[in-house]
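Look through the structure shown here before reading on. The paragraphs that follow go from charged pairs to the interior and then to the surface.

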Amino acid sequence: MKYIFLLAVVTILFNHADAQIFKKQIKRAHSQLDNIKIDEHFSIENLDTVYNILHDHYGLNIVYDTAYCNSLFFSYWYMATAAPLAIEITTRNNDLSYTIDSTNTIYVKARHVHNIKKKPLPNTREEKNNSALSSLNFTLYGHVVDDSTNESLAGVYVTVKGTSISAISGTDGSFTLNNVPNDTASLSVSYMGYMPADIYLTPNISKTNFMIGLHQAEHILDEATVLANRVDLMRLSGKTISTIKLSPEKLEQIPNVGEKDIMRTFQLMPGISAANESSSGLYVRGGTPDQNLVMYDGFTVYQVDHLYGFFSAFNANAVKEVELYKGGFDAKYGGRLSSVTDITGKEGSTKQFNLGGDVSLLSANIFTEIPITENLSLVAAARRSWNGPIYNWIFNSFNKSSGSSNATGASGQGPGGADNTTKAKSYFYDLNTRLTFKPTKKDVLTYSMFSGGDDLNNSFTVNTPSFLASMGISLNFGTTDVTNYGNVGMSMGWRRTWNKKMTSNTVLSYSNFYSDRNRVTNGSFGELGSTTTTKTGIFEHNNLKDISLRTDHEWLLTKWNHIGFGAFCTHYDIKYTYSQNDSSLLLNSHNTSDLVGGYLQDKFIFFNDKVSITAGMRFSYFGLTAKTYTEPRVALDYDITRKLSFKAAYGEYYQFANRITREDISAGSSEFWVLSDGKTVPVSSATHYIAGLSYETNSYLFGVEGYYKTLNNIVQYTERYSATTSTINYTQNFYTGSGYSQGVEFMAQKKIRKFTGWVSYTLSKTMNHFPVYSAQDFPADNDVRNEFKIVSMYKMNHWDFAATWIYASGKPYTAPGGGYTITLLDGTKENYVTITSKNTLRLPDYHRMDVSVNYHFYNEAKKDVGYVGLSLFNVYARQNVWYKEFTIVSGHVVETNVDYLSFTPNLTLSLKLR
């Protein structure tokens with residue numbers, strides 16, 4: 001509670017300080033004008049339009065040079081601003097001055113102009129509108145693009161001001177507004193990372209191809225504009241339940257450990273666990289990362305992180321936008337139980353070349369945008385780590401076998417004084433490429449490629465020390481410890497706008513996940529002419545291939561009825577082998593299958609766009625089980641008022657490719673992908689029930705959502721044996737269970753002015769039931785009952801300041817009760833532990849604070865072209881426990897804490913041409 005109180009005090013102080021700026025700037029003016037308070041939002045409007053609006057809305061009588069003011073642009077958010085000050089603000093940096101005569105007429109003129117003509121203005125806005133009206137209650141078809149690059153913008157909110165009529169632009173930037181009252185109405189347009197804009201329609205506009213160009217927010221540096229026009233880093237969707245949109249352009253505002261991180265930023269939102277430093281994957285509402293469908297330009301990504309999960313595999317410089325559906329997602333998406341993360345890559349500019357990059361203590365990153373022709377553009381980005389201090393620190397902290405070795409190679413004394421030589425060489429990398437071709441105004445062709453991987457090598461050798469050699473004893477051991485994992489994906493897409501009402505998007509994609517672990521120890525021990533050789537090891541190989549074809553269509557049947565439909569086909573090929581000592585094959589799984597199906601959904605809009613109901617059905621036929629699976633979905637959106645809305649959703653979901661947890665009490669569990677076969681690994685399923693309320697103004701957002709989710713046919717792999725076991729069938733170690741997750745999420749967000757941020761709290765409970773572990777329900781491995789998060793950001797001229805604080809109650813774990821020895825298939829013996837009740841103990845509570853400061857560089861056009869940033873991770877060096885490791889020593893269980901990172905600083909330099 002004290003943190004909430006402190007945040008509230010800070011918010012009030014900053015708001016009070018901002019208000020004082022306005023008060024100190026008030027100039028002399030007529031008392032009647034002082035009583036007129038302006039509440040308007042202007043975004044890159046010419047001054048001619050601004051003065052017209054001030055006249056129409058507030059009765060200000062303004063005299064100015066029309067042609068001159070039409071060439072000047074202005075952005076500001078007036079909030080109860082006195083009229084004289086409002087006029088003064090328009091003259092700043094525009095070489096203008098103003099005077100007020102005894103009749104309250106305001107004269108605005110250029111400082112070098114002495115005589116101006118009065119521009120006649122209609123007496124009222126109604127008079128102006130009625131004199132020009134030509135269309136009533138019409139449909140407006142439009143397209144939203146980036147004004148500087150001509151890149152289509154998806155997910156833009158377009159609203160008819162003063163009404164509940166709104167639309168969201170599709171993947172090609174197109175939108176449709178139904179029942180626009182008249183052709184002099186005003187539109188409000190907003191999109192993360194871009195300046196919001198108010199657009200005033202005129203009778204001569206194109207109603208079938210209305211183009212809107214948005215300016216990136218960083219184009220304007222004026223302090224008054226920065227104070228007023230804040231751009232959201234993260235935004236909750238106003239029309240879709242449990243949906244969050246993220247702007248990669250603003251990720252540097254959030255503290256990080258070397259990289260702008262998309263997935264880590266999502267973890268700061270309610271309902272998404274932030275207490276998992278060892279995974280960039282998303283634990284959404286009690287779900288696991290494999291239950292979150294991650295799509296990048298249409299292909300599925302199965303490996304989403306680097307360096308033991310500490311960094312996500314997505315280069316923010318190559319990403320245009322990210323949308324996360326925390327639950328209740330519609331029939332368009334399937335194949336996962338929990339959530340969907342839909343990533344769209346940058347199209348690239350068709351107007352101008354751009355080049356940039358980032359360098360930190362962890363990695364180097366470079367990207368380019370190349371306009372090949374006026375219809376063809378290329379975006380390419382590459383990132384690679386280097387063995388600097390931070391990489392080595394993380395590698396040694398997270399690598400279970402690092403011991404006396406390090407990531408760059410070293411020599412030292414091994415056990416008993418033996419010479420220990422490390423041959424380690426480790427790094428991660430990722431590549432992104434996207435080609436976008438627009439042969440016609442209706443067609444867009446794309447090719448996108450992603451490749452990311454980690455090579456972790458911690459091999460070392462142990463040689464005979466001199467004092468043993470003098471005794472005729474030889475000791476030589478070599479350990480090869482190599483782990484390679486990653487994901488390669490590519491897609492070819494065709495997006496077409498057939499007519500005003502029909503659009504389609506077809507994607508052919510390929511994805512390949514691979515993971516290989518090879519830890520082998522070869523050794524020899526010689527004494528008195530006799531030599532004994534040994535060989536032990538663990539071998540794991542996991543390979544997943546996914547070839548998919550999908551087509552999605554949107555049909556605006558009427559103003560009040562929108563239909564979506566599509567079809568899909570996926571071919572899976574998944575292999576997994578697990579062996580010891582290269583002769584004991586413990587597990588060998590290889591399955592292939594086809595998944596085919598389609599979906600149909602219909603969105604009904606009622607009561608002048610205040611109520612919408614989306615109902616859909618998804619059908620899937622899975623070849624390996626020879627069964628058809630149906631997934632009904634329904635969602636409700638009710639705008640109670642213009643600011644208060646209620647949302648609810650229900651849905652059923654199936655998952656056919658699963659990442660199974662292989663339980664290892666001694667050294668920590670690991671995971672691998674397998675394909676459901678309906679027998680050993682059944683098809684898992686989930687049902688979502690969600691409802692929530694949100695209240696949103698221009699400045700603040702308050703939201704609450706509750707959810708309940710059931711899980712069936714979830715699978716784990718465990719090697720729990722009794723001491724009397726003589727014959728082991730490792731393929732029978734798959735166990736099926738069920739579970740549920742329930743919770744409520746609260747969020748309060750401040751969206752504008754210099755000081756922004758949010759506070760969130762999640763109360764949740766995730767339980768599993770596996771008969772092999774217990775006859776009773778027990779907490780799931782990812783059960784976190786309480787999570788509290790504070791995110792605060794402050795903008796001051798060139799400087800960005802940010803701080804985050806995370807608290808999470810401890811996760812459950814299982815402790816051993818004792819140990820025993822078992823003989824494996826090849827006759828060797830291994831020590832095992834006896835296990836107590838599943839997840840009855842809890843790790844210590846998790847909490848940490850991160851802070852960052854960035855200084856931005858701007859060019860002559862006031863565009864942000866880079867920054868230098870300092871980020872401090874875990875400022876007060878909290879020793880958060882990752883997991884506990886147990887070993888058997890002389891018949892006793894020894895417990896060791898394996899901790900997450902302590903205090904970690906990082907410095908980043910980022911530069912780009914434009």
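Which residues are linked with Arg285 in a network of salt bridges? The network joins Arg285 to Lys326, Glu705 and Glu745. Before going further, note that this is a predicted model. The count of salt bridges in it comes to 20, and a few of the pairs can be taken one by one.

Start with aspartate 443 and arginine 496. Their side chains meet in a salt bridge, with N and O 2.6 Å apart. Aspartate 443 belongs to strand β29 and arginine 496 to strand β31, which covers residues 473–497. The two are 53 residues apart, and the pair links distant parts of the chain. Are these two residues buried or exposed? Aspartate 443 has a relative accessibility of 9%, and because buried means under 20%, it counts as buried. Arginine 496, at 18%, counts as buried by the same cut-off.

A second pair is lysine 751 with glutamate 696, where the closest N and O atoms are 2.7 Å apart. Lysine 751 sits in the loop between β43 (734–750) and β44 (755–769), while glutamate 696 is in strand β41 (residues 684–696), so this salt bridge ties together parts that are 55 residues apart in sequence. Lysine 751 is buried, at 10% relative accessibility, whereas glutamate 696 is partly exposed, with a relative accessible area of 27%.

A third pair is formed by aspartate 800 and lysine 795, whose side chains meet in a salt bridge of 3.5 Å, N to O. Aspartate 800 is buried, with a relative accessible area of 8%. For lysine 795 the value is also 8%, and lysine 795 is buried as well.

Now turn to the nonpolar interior. How many residues does the largest nonpolar core have? It has 44 residues, and those with the most contacts inside it are Ile262, Phe266, Ile272, Tyr296, Val301, Phe314 and Trp758. Several elements each supply at least two residues of this core, among them α8 (262–266), β17 (292–296), β21 (319–325) and β54 (881–889). A second core, separate from this one, has 27 residues, including Tyr51, Leu54, Tyr76 and Tyr98. Back in the largest core, valine 301 can serve as an example. Apart from its neighbours within four places in sequence, valine 301 is in contact with Val294, Tyr296, Phe314, Phe450 and Asn487.

Three of those contacts of valine 301, namely Tyr296, Phe314 and Phe450, lead to the aromatic residues. Together with Phe299, they form one aromatic cluster. The structure as a whole holds 36 aromatic pairs. In one of them, the rings of tyrosine 296 and phenylalanine 450 have centres 6.1 Å apart and planes at 25 degrees; planes under 30 degrees apart count as stacked, so this pair is stacked. Tyrosine 296 is in strand β17 and phenylalanine 450 in strand β29 (residues 443–457), 154 residues apart, and the pair links distant parts of the chain. Tyrosine 296 is buried, with a relative accessible area of 2%, and phenylalanine 450 is buried at 0%.

Tryptophan 494 and tryptophan 498 give another arrangement. Their ring centres are 5.9 Å apart and their planes lie at 70 degrees, so the pair is edge-to-face. Tryptophan 494 counts as partly exposed, at 34% relative accessibility, and tryptophan 498 counts as partly exposed at 37%.

The last stop is the surface. Which residues form a nonpolar patch there? Leu361, Trp386, Val868, Leu870, Leu907, Leu909 and Leu911 do, with about 550 Å² of accessible area together. The elements that give two or more residues to the patch are β53 (864–873) and β56 (904–912). The largest share, three residues, comes from β56. Leucine 909 lies in this strand, and leucine 909 is partly exposed, with a relative accessible area of 39%.

Another partly exposed residue is alanine 615, with a relative accessible area of 33%. Alanine 615 is placed in strand β36 (residues 611–622). Leaving aside neighbours within four places in sequence, alanine 615 is in contact with Leu600, Gln601, Asp602, Arg633 and Val634. The C-alpha atoms of alanine 615 and alanine 331 are separated by 8.5 Å, although the two residues are 284 residues apart along the chain.

Technical notes: Residues are numbered from 1 along each chain as its sequence is written. This is a predicted model: local features need pLDDT of at least 70, side-chain atom pairs count only at pLDDT 80 or more; totals for chains, interfaces and linings use all residues. Side-chain values use heavy atoms; hydrogens and water are left out. Patches are made of residues with over 30% relative accessible area and no salt bridge: like charges are joined within 9 Å, nonpolar side chains (Val, Leu, Ile, Met, Phe, Trp, Tyr) within 5 Å. Accessible areas come from the Shrake-Rupley method with a 1.4 Å probe; for residues, only the protein chains shown count as cover. A salt bridge is a side-chain nitrogen of Lys or Arg within 4 Å of a carboxyl oxygen of Asp or Glu. Helices (H or I, at least four residues) and strands (E, at least two) are DSSP runs, numbered from the N terminus. Buried means under 20% relative accessible area, exposed over 50%, partly exposed in between (1.4 Å probe, protein chains only). Contact means heavy atoms within 4.5 Å. A nonpolar core is a set of buried Ala, Val, Leu, Ile, Met, Phe, Trp, Tyr and Cys residues joined through side-chain atoms within 4.5 Å. Rings of Phe, Tyr and Trp (its six-membered ring) pair if their centres lie within 6.5 Å; planes under 30 degrees apart count as stacked, over 60 as edge-to-face and the rest as tilted.
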